[in-house]
Amino acid sequence: MSVVVDKSGARVRQMFGEISGRYDFLNHLLSGGVDYYWRWRTVRKCAPRGTAPILDVCTGTGDLALAYWTKARGQIAVTGTDFTPEMLRIAEKKRDERAASQTGKPWADLTFIEADTQHLPFDNDQFQIVSVAFGLRNVSDTMCGLQEMLRVCQPGGRVAVLEFSLPGNAVLRWLYLKYFKYVLPRIGQLLARNQQAAYNYLPASVSEFPYGEQLAQLMRDAGMQQVTWTPLTFGIATLYIGEKPALVSQPA
Ligand SMILES: C[S@@+](CC[C@H](N)C(=O)[O-])C[C@H]1O[C@@H](n2cnc3c(N)ncnc32)[C@H](O)[C@@H]1O
């Protein structure tokens, strides 16, 4: 029987609001710290070019936004958006702690703004990179989220999606699904008690979300081109990168 996962904005916001205080700790614990590596790979494979700003949507506690800010050595302005204010407060705290240890040239801003990924408060064609890590799966309307990300991306810019996927190897996939279904929800619920069964939601939302070629096709359907996807750590996560078509100059 397939389970229909409730991704209504109010439910998702309440869930992340409730677990926000434990989110980082559990993220690193349950992934064995490999999530750091996935973000590290993302900012290298989809590296900043030039000086145009970067946007990280569904930024949560801001780790990918912080990774881009650090990668650009603070010389590129980075914005993180999310619709759960409790997550953003933690992101701001981490930014302030990192800013306190900076030396040398003044760093460009890292700003966090409360916004729904389906209605981003930015003009068209603003950002050289629009990224999302483990967030797209939670957005109620995936296509709308992808189209909004593309809308605010500059022509010739890139959209990077880092998301859970399932390992290609059958034995690994079996082991991973057992861990995901039986171990992770118990540890998660024990350490981050919440009304919304967040750590049951996680495996359910991952198993019903498209991955690999299917998600790459959705990105093409949203209007992206040159879409590539790279499985990471036996395919537990996948990094997708798509380009926004460059403006074609019309003959006079
Ligand atoms: C699993 S967390 C990922 C956070 C962060 N990107 C990371 O890599 O750890 C998902 C985040 O997406 C946010 N989110 C889900 N749907 C959203 C939407 N429609 N608009 C904005 N944020 C959303 C949640 O509030 C949550 O902070």
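Which residues have the most contacts inside the largest nonpolar core? I looked this up in a predicted model. The core has 48 residues, and those with the most contacts inside it are Trp38, Tyr68, Leu162, Phe164 and Tyr199. I then recorded where the core residues come from: helix α1 (residues 9-30) gives the largest share, 7 residues. Another core lies apart from it and has 25 residues, including Cys58, Met149, Val152 and Met224.

**Entry: Leu162**

I listed the contacts of Leu162, leaving out residues up to four places away in sequence. Leu162 touches Trp38, Arg39 and Thr42. It also touches Val132, Ala133 and Phe134, as well as Leu232, Ala237, Thr238 and Leu239.

**Entry: aromatic pairs**

I noted 9 aromatic pairs in the structure. Phe134 and Phe164 form one that is tilted, with 4.6 Å from centre to centre and 40° between the planes. This pair links distant parts of the chain, 30 residues apart: Phe134 is in the loop between β4 (127-133) and α5 (142-152), and Phe164 is in strand β5 (residues 153-164).

I asked whether Phe134 is buried or exposed. With a relative accessible area of 10%, Phe134 is buried, because buried means under 20%. Phe164 has a relative accessible area of 15% and is therefore also counted as buried.

Phe164 forms an aromatic pair with Phe180 as well, and this one is edge-to-face: 5.9 Å centre to centre, with 70° between the planes. Here, too, distant parts of the chain are linked, since Phe164 is in strand β5 and Phe180 is in helix α6, 16 residues apart. I recorded both Phe164 and Phe180 as buried. One aromatic cluster is formed by Trp38, Phe134, Phe164, Tyr176 and Phe180.

**Entry: largest pocket**

I next looked up the largest pocket, which holds about 490 Å³ of space. Its lining has 27 residues, and those nearest its centre are Leu30, Phe164, Phe180, Leu184 and Leu202. What is the make-up of this lining in nonpolar, polar and charged residues? I recorded 22 nonpolar, 3 polar and 2 charged residues. Helix α1 supplies the largest share of the lining, 7 residues. At least two lining residues come from each of α1, α2 (34-45), α6 (170-191) and α7 (198-208).

**Entry: second largest pocket**

The second largest pocket has a volume of about 310 Å³. I noted 13 lining residues, of which Tyr36, Asp63, Leu66, Ala67 and Arg98 lie nearest its centre. Two or more residues of this lining come from each of α2, α3 (63-71) and α4 (85-100). The lining divides into 5 nonpolar, 1 polar and 7 charged residues.

**Entry: Asn27**

I closed with Asn27, which is found in helix α1. Why does Asn27 count as buried? Its relative accessible area is 17%, and buried means under 20%. Leaving out residues up to four places away in sequence, I listed Asp35 and Arg39 as the residues that Asn27 touches. I also looked up the separation of Asn27 and Thr84: they are 57 residues apart in sequence and 17 Å apart in space, C-alpha to C-alpha.

Terms used
Residues numbered from 1 in each chain as written. Predicted model: local features only at pLDDT ≥ 70, side-chain atom pairs only at ≥ 80, totals over all residues. Heavy atoms only, no water. Core = buried A, V, L, I, M, F, W, Y, C linked by side-chain atoms within 4.5 Å. Buried < 20%, exposed > 50% of the residue type's maximum accessible area, 1.4 Å probe, protein only. Helix = DSSP H or I, 4+ residues; strand = E, 2+ residues; numbered from the N terminus. Contact = heavy atoms within 4.5 Å. 1 Å grid on protein atoms, 1.4 Å probe; cavity = no way out; pocket = protein on both sides within 12 Å on 5 of 7 lines; lining within 4 Å. Points joined across faces, edges and corners; volume = space filled by probe spheres on them. Nonpolar A, V, L, I, M, F, W, Y, C, P; charged D, E, K, R; others polar. Phe/Tyr/Trp six-rings, centres within 6.5 Å; stacked < 30°, edge-to-face > 60°.
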